[in-house]
Amino acid sequence: MATDAAAATCARHTTGVCEANSPHPRGATAKCKDSTWSYSAHARGTCSHHRGVRYWYR
């Protein structure tokens, strides 16, 4: 559901393959391993109940 998408680059410490400028919902800071979005302001605990972080966005 990235209709309100913004271009972003992935941070260096992502896992998996992340395409530069991949669309994501505005304000999302990470994509979890279960494909949900996180809007967490801090890294600690982000996606903790969603199998961890797959991609971090800058």
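This passage walks through the fold, the core and a few individual residues of a small set of strands in one protein chain.

The model is a predicted one, so local features are taken only at pLDDT of at least 70 and side-chain atom pairs only at pLDDT 80 or more, while totals for chains, interfaces and linings use all residues. Residues are numbered from 1 along each chain as its sequence is written, and side-chain values use heavy atoms, with hydrogens and water left out.

Starting with the overall layout, the protein chain has zero helices and five strands, where helices (H or I, at least four residues) and strands (E, at least two) are DSSP runs numbered from the N terminus. Read from that end, the elements simply go β-β-β-β-β. The chain has 58 residues, and 31% of them count as buried; buried here means under 20% relative accessible area, exposed means over 50%, and partly exposed lies in between (1.4 Å probe, protein chains only). About 4,100 Å² of the protein chain is exposed, with carbon and sulfur atoms supplying 51% of that area; the areas come from the Shrake-Rupley method with a 1.4 Å probe, and for residues only the protein chains shown count as cover. As for contacts (heavy atoms within 4.5 Å), 32% of those between residues at least 6 apart in sequence join residues at least 24 apart.

On to the sheet. Three strands form an open sheet in the order S4-S3-S5, with antiparallel pairing; strands pair if DSSP finds at least two bridges between them. S4 and S5 are the edge strands, each pairing on one side only. S3 and S4 run antiparallel and are joined by two bridges, and Lys-31 stands opposite Trp-37 in S4.

Which residues make up the largest nonpolar core? There are six: Ala-11, Ala-30, Cys-32, Cys-47, Val-53 and Trp-56. Strand S3 (30–32) and S5 each supply at least two residues of this core. A nonpolar core is a set of buried Ala, Val, Leu, Ile, Met, Phe, Trp, Tyr and Cys residues joined through side-chain atoms within 4.5 Å. Apart from its neighbours within four places in sequence, Ala-11 is in contact with Trp-56 and Arg-58. Another core member, Cys-47, is found in the loop between S4 and S5 and is buried, with a relative accessible area of 5%.

That same loop, between strand S4 (37–38) and strand S5 (53–56), is also the place of Thr-46. Thr-46 is buried at a relative accessible area of 8%. Not counting residues up to four places away in sequence, Thr-46 touches Ala-30, Ser-38, Ser-40, Val-53 and Trp-56. With Ser-40 there is also a polar contact, side chain to side chain, at 3.1 Å. A polar contact is a pair of N or O atoms within 3.5 Å; within protein, one must be able to donate a hydrogen and the other to accept it, and residues adjacent in sequence count only if both atoms are side-chain atoms.

Ser-38 lies in strand S4 and is buried, with a relative accessible area of 10%. A polar atom of the Ser-38 side chain lies 3.3 Å from the backbone nitrogen of Ser-40. Leaving aside neighbours within four places in sequence, Ser-38 is in contact with Ala-28, Thr-29, Ala-30, Cys-32, Thr-46 and Cys-47.

The count of aromatic pairs comes to one. Trp-37 and Tyr-57 form this tilted pair, 6.2 Å centre to centre with 35° between the planes. It links distant parts of the chain, with Trp-37 in strand S4 and Tyr-57 in the segment after S5, 20 residues apart. Rings of Phe, Tyr and Trp (its six-membered ring) pair if their centres lie within 6.5 Å; planes under 30 degrees apart count as stacked, over 60 as edge-to-face and the rest as tilted. Trp-37 is partly exposed at a relative accessible area of 24%, whereas Tyr-57 counts as buried at 9% relative accessibility.

Finally, some backbone details. Most residues other than glycine have a negative phi. Ser-35, not a glycine, has a positive phi of about 75°; Ser-35 lies in the loop between S3 and S4 and is partly exposed, with a relative accessible area of 42%. Cys-47, also not a glycine, has a positive phi of about 60°.
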